[in-house]
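Thanks for coming. I will go through one structure this morning, chain by chain, and keep to what the coordinates show.

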Amino acid sequence: MVEREEILRLEGITKLFFNICALKNVTFTLKKGEILSLIGENGAGKSTMMNVIGGVIQPEEGSMTLHGKLYTPQRTIDAKNAGIAFIHQELNLFNNLSIIDNVYINSFARYPGTPFIKKSAMRENIRKLLDSIDLHVSPDMMVEKLSPGERQLVEIAKALSGNPEIIIFDEPTTSLTTRETRKLFALIKKLREQGKSIIYISHILADVHELSDQIVVLRDGVVVDTGKKEDFSMNRMIVSMVGRDIKQMYPAERPVAQAKKLLEIENLSQPGIIKNISMHVDAGEIVGIFGLMGSGRSELANIIFGLDPYAEGMIRYMNVKLSKQDPIDRIKRGFAFVTENRREEGLLMEFPVYDNITLAVLRDYKKAFGFIDNAKLQKPVAETVSELRIKCSAIKKNQVKGLSGGNQQKVVLCKWLLTKPSFLMVDEPTRGIDVGSKSEIYNILNDFAKAGMGTLVISSELEELIGICNRILVLSKGEIVGSFNSNNFDREVILGAAFRQNISNGATNIV
Amino acid sequence: MKGSKNLKLFFLKNMAFVLFAVVFIIFGFLCNNWFTITNFENIARQSSYIGILAAGMTFVLLTGGVDLSVGANMFLSASICGLLIVKGWPIWAAILICLLVGFLYGCFNAFFIVKIKVLPFIVTLATLMAGRGLTLVITKSEAVSMPASLVSGVGSGRLFGILPYPILIFLLVAVAASIFLKFVPLGRQIYAVGKDSEGAKKAGINVNWVLAFVYILNGVLAALAAIVSVTQIGNVTSGFGFGDEFSAISASILGGTSMMGGIGTVFPGAVIGVFLIQMVQAGLVYLQVDLYLQPIISALIILFAVFLDSVRTRYIIKLEHRNIRTEEQVQKTQKSFTLRDIFDRHR
Amino acid sequence: MTPLTLKGRGTANKFFVKLLVSEYFVIVLSIVYFLIISIFVPSMLSGNNIKNIFSNMWPLFAVAIGQTFVLLLGGIDLSQTSTMALTSVIGALLISNRMNPDILSNSPLWGVIISENGGPLGKAPIVLSVSITIAVMILVGTLVGAINGILISKVNMPPFMVTLIAQMFYSAIAIYLTKSQNVIGLPDAFCAIGGKSIGFIPYSFFVAITLGVIAHILLSRTIRGRWIYATGSNIKAARVSGVPTISTTIFVYAASGFFAAVGALLYTGRLMMGRPTLGDGQLMDILGATVIGGTSMTGGKGKVSWTLFGVLFYTIITTSLSQLKLDSFVINVVKGLVILGAVTLDVARTRIQQKGTLSANAKSGKKVTLNG
């Protein structure tokens, strides 16, 4: 085998965010015509790594060389000019423009000597591009009319239009159908044959195993394992990613369902969002909902909580039918909802910890004329803060935005704990949280369950659901396509269900 | 069921046209001599300078911003122009200076909005105040007259004896603006910035330059509008341009521009919007509606337009959410699903 | 970009930066400005002038409290001045006890509820007429605000446009009701609230300060207040946490209308007439004073006390400018520039504060992750 030439080399890259090490001494090489997969848990440093390569942020130590020459991008445009293309998970498209506008927004061809766009010059290229990724849509179609899968393909077309040498794919398959995914893989392999180098980031280990030549495992900002695909078994990948005896990470005992029925959902539907969702959560349970991006997880959570409407179906709580859109009523009945994105939907970042903790429960601590009974709040607040072990010296003064991710999430949990909920819904409980705090949060959830609370955990991290739930439901394209009990939790099977769009009539076992 | 949904969609997308047609026909019934060239010409004339303002304002609104200072800008540039002519400057030079003043005004706004990053609303509100005040100081709050030659030449003159110059200038601006927005890269980038400025930055667009451009252009167009207006009226009094920024904003929004940015057109959008507003005002005058009631009715019409805009915006947001699954997509995948798909992928 | 470091010129630098960022910056600035300008314009220190400043502040402060509420929500109320005009006119038409037919006979209300003998309450016992008039004025103002609030929160229309249209609409109504004329003939008891003083302390002071204190307590110590800050800071998070964002929005805009009506009461009393053009051109003053005080236009940050400081500063500046015998137009120019300067300063202050938090966290070893 011909030894492939080295294209991109990272040596000793270290990135600090103030005192905290996001990347430490990262070293690896990417060869020409090779597919390198980067795997790791959430928060392992994959995005930081890519942002360094892409010129979004600059490392404190270490160096990068491209074709043997020093590569120090200061801005994203430098990376692009150096022939590195980035395909992000979150689409960066302008829905109000056409495909051709999106692809060429910064590189329109013009009639020479005039400022006018020469569409004809670009049309030929764009058609070839779209054909090569098997997207058979008119280049003048507005992006807002495309499906998520098609939009992701446009994003890919955009990256490829600059004729890059190195292409970085960040979780590209989460919005694609099975067929689209196969086409994507075929395309990636074709690109490799053309001599392009690919960095592929994904948490779907089966994909990683199929595609890669080389595998790099990141954990807590450090490269803990690398090697050729042939030397990597699924197990080796998982063990390197998680890095510890899995048993230590998750609580020892699994939650057990108690006799009391809490949440019952029947045939819930909202056109374009969810269809025929039926499920239940009993006291003492931790039920997980697993789905990939675009499956409708957070949308379902919002509908259950009453923030968004639904067209058909029914939601019952403790045998009482709930009104359609009334979050306040739900909270009064004992619902709690920790949203996916605490920054944008869960916390008032500029406000002190105390204000955030007390926000949901103010109605219960009312004096005459609407005054807040701060005296009465002291004890409950202090108790929950210490129970959840929130690290903050002055909760009435310190703004919550100054806390670590883990502590911030605990503040959100604290807020809900004060409302004495009987049912908790958590969306992405450990996103952006360091490993140590993750374990704490799992234990907290487990304690809640033991105390009789019913919990619904929505997550895209299958490992954690397998670790803490007693049941897992699989959501795909707005429908529940699988249900698993703790005695048959199998990572690859569950993942298979998530990708197996819409098994037709009867084959689902909804519990 | 689907039919009514389609009808709703059609109405929302072409709101301006529908409203225009409806109002046009209603006034046609109510007023005598509605369907005459003189009437249309009058409406078009009165629309001209507001139309130029609306064209410029559309650029600003497309980026998600707003410019409240155009009326004051008009006042300042027209006054300086007039004063220079009185001092003996040749007319063409004074007009050039007028445009230059508009340009500088726009630059001043752009500086605070783009460089210092203060909200456009506050910046332009402050420059509105300062601008009007400055002009009153310069003119010592006396009216400034324009030379008769300008009035008869441009204001009342006609191209080939048919098309009045004010209307011509307006149409030229509208067409040029539309071509710019559709066929020039910077024009497309304006739509991108308005939709998602962070994303635009990531895509490599120089967002600062795009924003600065729209405010500066708006300044120049305000000065141009001032010229078109003043050559019809003949002088610049202390109320010149007062409140015109709101007419411009309303016209643009009525024509389909969204205050959130990223959606809107100059032609046909803002043009229809301007004609619509002027048509209503002309109609009310025609019907000899109480002078005091006219602004009330105008306000209600604009309220209706903004209401429709909110409905449209909400609908678009709903559409964008509604893409977890489409029925056709599901059918397609169902058809293509085979055993091989399972085994191929997840051995 | 390196975080702002406070080395170099050491303690002096540190002191200034600390002052810049503090809550009391504006009031210190006011005092400093006052002292400096007094050197150039000795008439500033005259008893008359100080009395002027003191009595001018309060009606403006009253209205600005309402605007503060709205800004806290991240909104804006452009209709306050038209609300002032409308309530002024309605109040005057109700309570006037003599009207000149030559002036007001064109009004659509002439012969219907108003006549040469004034309005419907013109001849009623004074206590009754004053209290009813005040009640009606407040009610109208609050209602106007509530309608704005409903359109903004339930129909989801942008605050800027809704209040702008309201401004045009109610202003036109006020002018229509009196056909552009002022309404005089108001009883002394009514005018005393805005116009008279005890010694050298005007009644308007008591009204404004009392309301200010109530507003301050409402915002800082009650549930409603907490809800207002939450909604203004992050409406999504507020909704999820059970804050009734719709009723909070309606409440805030209704409050804005309420305070506009109070301001109208004070101004009308002072001028001794109902004016359909009351508040014309004052919108900038109201907004400017509030923003100078430090209340943020993006919501979630601000206090009634800050607005008080802002109003004080603004009034001192404008009085000093008129003492300098400057043209009113020049004053407008200066006002505009001052506001620009204030917001620029505000942007700078926010940036300094942010950098301060970040580096403080770094020093204390708090972990800052990318997503958290």
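I start with chain B, which comprises 16 helices and four strands. This is a predicted model, so please keep that in mind throughout. Of the 347 residues in chain B, 49% are buried. If we take the contacts in chain B between residues at least 6 apart in sequence, 77% of them join residues at least 24 apart.

Now to chain A, and its domains. The assignment for chain A lists domain 1 as 6–244, domain 2 as 245–334 + 421–511, and domain 3 as 347–420. Domain 2 of chain A is therefore written as two segments, with the bounds coming from an automatic or database domain assignment.

How far apart are the centres of domain 2 and domain 3 of chain A? Taken over C-alpha atoms, the separation is 26 Å. In the contact between them, domain 2 of chain A supplies ten residues and domain 3 of chain A supplies ten residues. Which element gives the most to the domain 2 side? That is helix H16 of chain A, residues 435–450, with four residues. By type, the domain 2 side that touches domain 3 in chain A has six nonpolar residues, two polar and two charged.

Next, a sheet in chain A. Four strands make up an open sheet, ordered S12-S11-S14-S15, and the pairing is antiparallel. At the edges are strand S12 of chain A, 274–282, and strand S15 of chain A, 320–321, each pairing on one side only. A helix also packs on this sheet: H10 of chain A, residues 297–305, touches strand S11 (261–270), S12 and S14. The direction of H10 makes about 65 degrees with that of S12(A).

Let me look at one strand pair in that sheet. Strand S14 of chain A, residues 312–317, is joined to S15(A) by two bridges, and the two run antiparallel. Within that pairing, which residue of S15(A) does Arg316(A) stand opposite? The partner is Lys321(A).

Last, a single residue elsewhere in chain A. Glu210(A) belongs to helix H7 of chain A, residues 205–211. Is Glu210(A) buried, exposed or partly exposed? Glu210(A) counts as partly exposed because 17 other C-beta atoms lie within 10 Å, whereas a buried residue would need 20 or more and an exposed one would have 12 or fewer. As for its position relative to Ile315(A), Glu210(A) is 105 residues away in sequence and, C-alpha to C-alpha, 42 Å away in space.

That is where I will stop.

How values were computed: Residues are numbered from 1 along each chain as its sequence is written. Chains are lettered from A and ligands numbered from 1 in the order in which they are written. This is a predicted model: local features need pLDDT of at least 70, side-chain atom pairs count only at pLDDT 80 or more; totals for chains, interfaces and linings use all residues. Two strands pair if DSSP finds at least two bridges between them. Two residues are in contact if their C-beta atoms, placed from the backbone, lie within 7 Å. Axes are lines fitted to C-alpha atoms, for helices over the stretch in contact, and angles run from 0 to 180 degrees between N-to-C directions. Ala, Val, Leu, Ile, Met, Phe, Trp, Tyr, Cys and Pro count as nonpolar, Asp, Glu, Lys and Arg as charged, and the others, Gly among them, as polar.
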